Amino acid sequence: MAHAIECSALTRRFETVTAVDSLSLEVPSGEMFGLLGPNGAGKTTTIKMLITLLEPTSGHATVAGHDIVRDARAVRRSIGYVPQLLSSDGTLTARENLDISGRLYHVPRGERRDRIDESLEFMGLSDVGDRLVRTFSGGMIRRLEIAQAMLHRPAVLFLDEPTVGLDPVARRAVWEHVRRLRERDATTVMLTTHYMEEAAELCERVGIMHLGNLVALGTPADLEAQVGPGATLDAVFTHFTGTGLEDGGSFRDVARTRRTARRLG
Ligand SMILES: Nc1ncnc2c1ncn2[C@@H]1O[C@H](COP(=O)(O)OP(=O)(O)O)[C@@H](O)[C@H]1O
Ligand SMILES: [Mg+2]
């Protein structure tokens, strides 16, 4: 299997909105791929189609070699998914949450306990395995959710906004664990984010979405080079989407000034 994810003219409409507009994309096995874009760009809708929660309006896609419509069951067996919104149960302990995931994903009973211990250890949660999740910080919950999604060692892991709402220290801890996880299992990871810094730090390639369209695709360095000398990924984002992330339009202005300067110089 050459590619872990292949999308061909993948499209999803909601009444008048085309949330994902003819997306074509290939993600090789083992790659860490980042889908970037402002709110409403179509990132979550893309992931929901790939994990078989939403049917495409038209187009095709395969995940781990399986068609997302015809072989939905096989796709589900091959993936892990951490949704944008909270998915762990706060009234249970970390260990109990992991046990539920283990059953849900058919981790053999004889292996479940060892896998749970190992994943708590791996995610830096060994000391809090028996604590109720509602006493956890946001970063600890995120790491637990990732552990839950990885317990059955899926070929492809989908993380929707894994670090939204976390402080910078917790964010870095999540990145570090995702990176280690991927080194261990050679998992293909597709993550969405609207933090440029995160994409540049973690992803081998990024795709920038805007209003349902993929407007740029490449390594962070490629995209920076397309925009101009010294451009940051923030400037790249603004260049392709016309919207700033944190600072309003200022990056666009910087990028435009740079382009003008180049033309003139
Ligand atoms: N269930 C839905 N019903 C109607 N419109 C939706 C639904 N889900 C998403 N959309 C619309 O599709 C577009 C893309 O949304 P989404 O994929 O959530 O974007 P992102 O994750 O990039 O913020 C938005 O305009 C959103 O309002
Ligand atoms: Mg989203």
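1. A good place to start is the surroundings of ligand 1: Phe14, Val17, Ala19, Gly37, Asn39, Gly40, Ala41, Gly42, Lys43, Thr44 and Thr45 lie around this ligand. Two elements each give two or more residues to that shell, namely strand S2 (17-28) and helix H1 (43-50). H1 provides the largest share, with 3 residues. Sorted by class, the shell holds 4 nonpolar, 6 polar and 1 charged residues. Please keep in mind throughout that this is a predicted model.

2. Strand S2, which you just met beside the ligand, also belongs to a sheet. That sheet is open and has 4 strands, ordered S2-S1-S4-S5, with antiparallel pairing. Its edges are S2 and strand S5 (66-67), each of which pairs on one side only. Next to S2 runs strand S1 (residues 3-14), antiparallel to S2 and joined to S2 by 8 bridges. If you want a landmark for this pairing, look for Leu10, which stands opposite Leu23 in S2.

3. Now to the other sheet described here. This one is open too, with 6 strands in the order S6-S7-S8-S3-S9-S10, and its pairing is mixed. Strand S6 (79-82) and strand S10 (213-218) are the edge strands, each pairing on one side only. On average, and with direction ignored, neighbouring strands of this sheet are turned by 15 degrees against each other. As a general reminder, the strands of a sheet pair through backbone hydrogen bonds, in either a parallel or an antiparallel way.

4. Both senses of pairing can be followed around S9. Which way do strand S3 (residues 32-36) and strand S9 (residues 205-210) run, parallel or antiparallel? They run parallel, and 4 bridges join them. Along this pair, Phe33 stands opposite Arg205 in S9, and Leu36 stands opposite Ile208 in S9. Helix H9 (residues 233-241) packs on the sheet, where H9 touches S3, S9 and S10. The direction of H9 makes about 35 degrees with that of S9.

5. With S10, strand S9 pairs in the antiparallel sense, over 5 bridges. Here Met209 has Leu214 in S10 as its bridge partner. How many residues lie between the strands in the hairpin of S9 and S10? There are 2 residues between them, and in this hairpin Leu211 takes a positive phi near 50 degrees. That backbone angle may be worth a look when you go through the model.

6. Finally, a helix pair. Helix H3 (residues 94-104) packs with helix H5 (residues 138-150) at an angle of about 25 degrees, and their axes are 8 Å apart. An angle under 35 degrees counts as roughly parallel, which is why H3 is described as roughly parallel to H5. The crossing in which H3 passes H5 is right-handed.

7. What meets what in this helix contact? From H3 come Ala94, Asn97, Leu98 and Ser101, while H5 brings Leu144, Ala147 and Gln148. By class, the residues of the contact divide into 4 nonpolar, 3 polar and no charged. The shell around ligand 1, for its part, has 1 charged residue.

Key
Residues are numbered from 1 along each chain as its sequence is written. Chains are lettered from A and ligands numbered from 1 in the order in which they are written. This is a predicted model: local features need pLDDT of at least 70, side-chain atom pairs count only at pLDDT 80 or more; totals for chains, interfaces and linings use all residues. Axes are lines fitted to C-alpha atoms, for helices over the stretch in contact, and angles run from 0 to 180 degrees between N-to-C directions. Angles under 35 degrees count as roughly parallel, over 145 as roughly antiparallel, 65 to 115 as roughly perpendicular and the rest as oblique. A crossing is left-handed if the near helix is turned anticlockwise from the far one by less than a right angle, and right-handed if clockwise. Two residues are in contact if their C-beta atoms, placed from the backbone, lie within 7 Å. Ala, Val, Leu, Ile, Met, Phe, Trp, Tyr, Cys and Pro count as nonpolar, Asp, Glu, Lys and Arg as charged, and the others, Gly among them, as polar. A residue is near a molecule or strand if its C-beta atom, placed from the backbone, lies within 6 Å of it. Two strands pair if DSSP finds at least two bridges between them.
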